[in-house]
Amino acid sequence: MPQSENESRGRLASLKNILPVLRMVWDSGPGTVLANLVLRTAAALVPVAVLVVARWIIDGVMGGAGQGMSRHLWGLVGLEFALATVGAILARAILYLNVVLAEKYTRHVSLMLIDHASRLDLATYEDPSFHDRLERARVQATDRIVMVEAIARFLQQLITVASLCVGILVFSPWILLGIISCLVPAALVEGRFGAEFYAMSFRHTPKRRELDYLRQLGASRESAKELKIFGLSPFLKSRYEKLSGEILEDVVAHFGRAFRGLSLLSVLGSLGYYGAYAFAVYKTARGELSVGELTFLAGAIAAANRNIQDMFSTAVGVADQALYINDMLAFFAVKPAIRSGPKALKVPRPIRQGFEFRDVTFSYPGRTRPVLEGASFRLAPGERIALIGENGQGKTTIVKLLMRLYDPTSGQILLDGVDLREYDIDDLWHEVGVIFQDFARYEMTAADNIAVGRIERHGERALIEEAADKSLANMVVERLPRGYEQMLGRRFDGGVDLSGGEWQKIALARAYMRDAQLLVLDEPTAALDARAELDVFHRFGELTAGKMALLISHRFSTVRMADRILVLSQGKIVEEGHHDQLLASGGGYATMYELQASRYR
Ligand SMILES: Nc1ncnc2c1ncn2[C@@H]1O[C@H](COP(=O)(O)OP(=O)(O)OP(=O)(O)O)[C@@H](O)[C@H]1O
């Protein structure tokens with residue numbers, strides 16, 4: 001099938017997107033939408049009314065030429081003035097309402113976007129094509145109000161055109177037919193170019209994503225140090241120039257084609273207008289129309305011509321926008337696969353048997369090589385285990401599976417003997433306090449940064465301070481000029497950045513915010529100095545007494561404190577036991593330990 005045919009089909013199919021969008025617009029502010037419609041309908045009828053009154057005035061003047069200004073004429077002039085004033089006020093009011101509606105719509109869709117994004121599976125985010133779609137959806141959430149405005153404008157133009165057409169039709173159907181048939185080809189061609197432009201923009205998304213990344217990388221605080229020292233700027237610039245040059249070339253070529261095609265057709269449009277005008281002049285000259293009627297027709301033909309052209313381009317615009325909306329609606333249509341079942345169980349309190357990985361195999365979506373291959377281990381109540389293994393062996397993956405951010409490809413994860421999938425997922429997250437290696441650094445206050453661990457209680461300062469005491473974040477906060485109210489990060493005015501270790505203590509406090517039955521810390525002390533690490537673990541030992549804990553660490557000083565150590569290698573747990581047992585057995589653990597210890601001798 002030729003590409004353009006495909007594109008036109010896509011364009012037609014996308015018109016069905018208008019309805020869900022109209023629904024979103026309606027939901028974002030029914031009152032504003034209604035007011036907008038009423039005002040637009042009134043404004044749409046103003047042009048024809050002005051022309052009708054103008055015709056009466058001219059025929060009145062011609063009929064009574066030389067007899068002075070009658071009351072009737074004064075009345076008509078007053079009416080025309082009133083109509084023009086109402087038209088101007090309506091236009092302004094519509095403008096204001098549009099701004100309000102745009103704000104409401106953007107707010108409504110952005111909230112929907114945040115809400116929906118938070119429900120999606122983590123795996124969804126790791127698919128690059130989803131990224132492109134999310135990117136486009138994010139832009140559409142704020143940009144596509146143009147479409148809403150265009151639909152409303154289209155309706156207004158439609159009513160204006162219909163009223164003008166009725167006016168013209170009264171005098172001659174041929175004039176109307178002439179105008180319309182000269183304008184249709186241009187509208188169709190414009191539509192085709194619109195679809196082409198969309199297809200081109202679609203192809204550009206991955207490139208634009210990379211450009212965004214390069215722009216960010218080239219001018220961000222995080223990368224500034226390395227950019228300078230490694231002299232990366234010229235490299236980034238040349239990559240940027242190459243990619244953006246490719247896009248520019250496409251865009252220029254597209255608009256060149258569109259310009260050539262459409263300028264010829266606009267000549268045809270002018271021909272329609274002047275043909276109709278000449279016909280009306282001819283009829284007036286023959287005495288078949290009055291001068292007032294000629295004035296009305298000339299005005300109506302010009303206005304209809306302009307409005308029909310505008311209407312077609314607005315319609316093409318709406319169809320274009322509808323194509324773009326595809327991505328936003330597609331984004332909203334993505335459903336999470338990992339959800340709580342209809343009869344989801346509550347996580348037992350207390351947990352009696354603990355967690356069990358039973359022969360778990362797992363591959364990331366789109367990857368063929370499994371990360372875990374028959375991994376089995378138990379985590380009993382009250383037990384603190386440490387998970388170790390070389391880089392990339394799958395330690396963090398085990399945590400993600402334990403939290404049901406992914407489900408195993410085969411095998412089972414059990415909690416108190418029941419498959420994890422049977423439990424309510426929110427309840428599971430509630431019962432586990434987890435701090436990932438790549439924890440988020442929120443550009444919010446110190447208090448909020450800790451409160452995110454249990455956001456529903458973010459107003460409880462005592463709870464936040466208690467968590468900070470436990471993780472030693474209190475010492476970090478004490479040194480901040482504004483204490484718990486200190487804005488962290490540098491994005492906002494007055495923000496203060498923290499060192500890696502300080503951020504880590506803040507993040508650690510999040511885990512203590514929860515009254516969780518299992519604490520999972522993935523490399524919780526990697527950025528801490530030796531003394532801080534010792535302190536943190538000393539406390540961790542006390543604070544997790546009687547609870548389950550899973551620690552991931554490359555530091556043996558940390559690991560050796562665990563009740564049991566699991567060594568992960570080649571997708572399996574290959575050794576397990578206490579530090580001394582594992583050392584004595586002389587296996588992989590002993591080798592790794594020796595390797596690290598020898599550096600200190
Ligand atoms: N989202 C993902 N998609 C595809 N592959 C992934 C993803 N996350 C991790 N991997 C791959 O899975 C393997 C295990 O990663 P994981 O982060 O679990 O290792 P780890 O043992 O925690 O490593 P480290 O000690 O470096 O933190 C790695 O080979 C990694 O490249």
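Domain bounds here come from an automatic or database domain assignment. By that assignment, the protein chain splits into domain 1 (3–333) and domain 2 (355–598).

Two points before you start clicking. This is a predicted model: local features need pLDDT of at least 70, side-chain atom pairs count only at pLDDT 80 or more, and totals for chains, interfaces and linings use all residues. Residues are numbered from 1 along each chain as its sequence is written.

**Stop 1: the whole chain**

Show the cartoon. You should find 21 helices and 10 strands. Helices (H or I, at least four residues) and strands (E, at least two) are DSSP runs, numbered from the N terminus. The radius of gyration is 35 Å, well over the 25 Å that the globule rule gives for 601 residues, so the protein chain is more spread out than a compact globule. That radius is taken over C-alpha atoms, and the rule is 2.2 Å times the number of residues to the power 0.38. Along the principal axes, the C-alpha atoms fill a box of roughly 120 × 55 × 55 Å.

Now colour by burial. A residue is buried if 20 or more other C-beta atoms lie within 10 Å of its own, exposed if 12 or fewer, and partly exposed in between, with C-beta atoms placed from the backbone. Buried residues make up 32% of the 601 residues.

**Stop 2: the two domains**

Colour 3–333 and 355–598 separately. The centres of domain 1 and domain 2, taken over C-alpha atoms, are 53 Å apart. Where they meet, 5 residues of domain 1 are in contact with 4 residues of domain 2. Contact means C-beta atoms, placed from the backbone, within 7 Å. On the domain 1 side, the touching residues divide into 2 nonpolar, no polar and 3 charged. Ala, Val, Leu, Ile, Met, Phe, Trp, Tyr, Cys and Pro count as nonpolar, Asp, Glu, Lys and Arg as charged, and the others, Gly among them, as polar.

**Stop 3: along the helices**

Select Met112, in helix α4 (residues 71–119). Met112 is partly exposed, with 17 other C-beta atoms within 10 Å. Measure from there to Gly500: 34 Å, C-alpha to C-alpha, across 388 residues of sequence.

Next, pick Gly269 in helix α10 (residues 233–285). Is Gly269 buried or exposed? Gly269 is buried, with 21 other C-beta atoms within 10 Å. Beyond its neighbours within four places in sequence, Gly269 contacts Cys182, Leu183, Ala186 and Gln309.

Then find helix α9 (residues 221–230), where the count of buried residues among 10 is 0. Gly231 follows α9 with a positive phi, near 60 degrees.

**Stop 4: the cores**

Which residues have the most contacts inside the largest nonpolar core? They are Leu387, Ile450, Ala473, Ile506, Ala509, Val520 and Ile565, in a core of 72 residues. A nonpolar core is a set of buried Ala, Val, Leu, Ile, Met, Phe, Trp, Tyr and Cys residues joined through C-beta atoms within 7 Å. Helix α17 (residues 500–513) gives the most to this core, with 8 residues. A second, separate core has 47 residues, including Val161, Met311, Ala322 and Ile325.

Zoom in on Leu387. Not counting residues up to four places away in sequence, Leu387 touches Lys395, Ile398, Leu550, Ile552, Leu566 and Leu568.

**Stop 5: the ligand**

Show the ligand and its shell of 13 residues. Tyr364, Asn391, Lys395, Thr396 and Thr397 come nearest. A residue is near if its C-beta atom, placed from the backbone, lies within 6 Å. The shell divides into 2 nonpolar, 8 polar and 3 charged residues.

**Stop 6: backbone details in the loops**

Go to the loop between α11 (291–333) and β1 (355–362), where Pro350 lies. The peptide bond from Arg349 to Pro350 is cis, with omega near 0 degrees.

Move on to Arg404, in the loop between α12 (395–402) and β4 (410–415). Arg404 is not a glycine, yet has a positive phi of about 55 degrees. Arg404 is buried, with 21 other C-beta atoms within 10 Å.

Finish at Leu472, in the loop between α15 (461–471) and α16 (473–478). Leu472, also not a glycine, has a positive phi of about 70 degrees. Leu472 is buried, with 20 other C-beta atoms within 10 Å.

Technical notes: Contact = placed C-beta atoms within 7 Å.
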